[in-house]
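Student: Please take me closely through the folded part of this model, starting from a single loop and working outwards, and keep to what the coordinates support.

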Amino acid sequence: MDAERMDISHVRERLSEVLARVECTRRPVVLTSDGQDVGAFLPLQMYRALIEEREAVFEALAQAVAKQPQYPEEEVERDIAEAIAAIRGKGAASRI
């Protein structure tokens, strides 16, 4: 869905018109300042759908993390340090 772009100074002058346009067309309006995107007005239904989707993604992520085995932090740090040392050792060996 293509969003209309409007400079924020234009939006300031016509806020009620811009919001009415978003509501009527069900299309977002991207706000710009000096040519850079700085915000957006979304139809409320679209905003709610995005929030719902975001919450579902975080819930799925939490469930996936909960199913993973838990490892002690010290063990993880040790494994990472060993992997880094091994990689650095291979780099040194290849330069010989």
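Tutor: Let us begin at Arg 26, which sits in the loop that runs between helix H2 and strand E2. Please keep in mind throughout that what we are looking at is a predicted model. Although Arg 26 is not a glycine, its phi is positive, at about 60°. With a relative accessible area of 46%, Arg 26 is partly exposed, because that class covers the range between the 20% limit for buried and the 50% limit for exposed.

The loop of Arg 26 leads from H2 into E2, and that strand belongs to an open sheet of 3 strands, ordered E1-E2-E3, in which the pairing is mixed. Strand E1, residues 4–7, and strand E3, residues 36–41, are at the edges with a single partner strand each, so each of them has one side that lacks a neighbour in the sheet. On average, and with direction ignored, neighbouring strands here are turned by 35° against each other. As a general point, the strands of a sheet pair through backbone hydrogen bonds, and they can do so in parallel or antiparallel fashion.

Strand E2, which spans residues 29–33, runs antiparallel to E3, and the two are joined by 5 bridges. One pairing that you can look up directly is that of Val 29, whose bridge partner in E3 is Phe 41. Helix H2, made of residues 15–25, packs on this sheet and touches E1, E2 and E3, while its direction makes about 70° with that of E3.

Within E2, Thr 32 deserves a careful look. Its relative accessibility is 11%, and so Thr 32 counts as buried. If we leave aside the neighbours within four places in sequence, the residues in contact with Thr 32 are Arg 5, Met 6, Asp 7, Ile 8, Asp 37 and Val 38.

Two names from that list, Arg 5 and Asp 37, meet each other as well: their side chains form a salt bridge with an N to O distance of 2.8 Å. Since Arg 5 belongs to strand E1 and Asp 37 to strand E3, this pair ties together parts that lie 32 residues apart in sequence. Asp 37 itself is partly exposed, its relative accessible area being 47%. In general terms, side chains of opposite charge can pair when their charged atoms come close.

Moving along the chain from E2 towards E3, we meet Asp 34 in the loop between those two strands. Like a residue we have already discussed, this one is not a glycine and yet has a positive phi, here near 55°. At 75% relative accessibility, Asp 34 counts as exposed.

Past E3 comes Leu 42, in the loop between that strand and helix H3, which covers residues 44–67. Leu 42 counts as partly exposed, at 33% relative accessibility, and together with Leu 44, Tyr 47, Leu 50 and Ile 51 it forms a nonpolar patch on the surface, where the five residues have about 430 Å² of accessible area together.

Leu 44 also gives a reference point for the next loop, because H3 spans 44–67 and Pro 72 lies in the loop between H3 and helix H4, residues 73–94. The C-alpha atoms of Leu 44 and Pro 72 are separated by 44 Å, the two residues being 28 residues apart along the chain. At 43% relative accessibility, Pro 72 counts as partly exposed.

To finish, let us return to charge pairs, of which a search of the whole structure finds 4 that qualify as salt bridges. Besides Arg 5 and Asp 37, they include Glu 13 and Arg 14, whose side chains meet at 3.1 Å, N to O. In this pair Glu 13 is exposed, with a relative accessible area of 60%, whereas Arg 14 is partly exposed, at 30%. Another of them joins the side chains of Glu 82 and Arg 78, at 3.9 Å from N to O. Both of these residues lie in helix H4, 4 residues apart, which is about one turn of the helix. Glu 82 is partly exposed, with a relative accessible area of 48%, and Arg 78 likewise counts as partly exposed, at 45% relative accessibility.

Methods
Residues are numbered from 1 along each chain as its sequence is written. This is a predicted model: local features need pLDDT of at least 70, side-chain atom pairs count only at pLDDT 80 or more; totals for chains, interfaces and linings use all residues. Side-chain values use heavy atoms; hydrogens and water are left out. Two strands pair if DSSP finds at least two bridges between them. Axes are lines fitted to C-alpha atoms, for helices over the stretch in contact, and angles run from 0 to 180 degrees between N-to-C directions. Contact means heavy atoms within 4.5 Å. Patches are made of residues with over 30% relative accessible area and no salt bridge: like charges are joined within 9 Å, nonpolar side chains (Val, Leu, Ile, Met, Phe, Trp, Tyr) within 5 Å. Accessible areas come from the Shrake-Rupley method with a 1.4 Å probe; for residues, only the protein chains shown count as cover. Buried means under 20% relative accessible area, exposed over 50%, partly exposed in between (1.4 Å probe, protein chains only).
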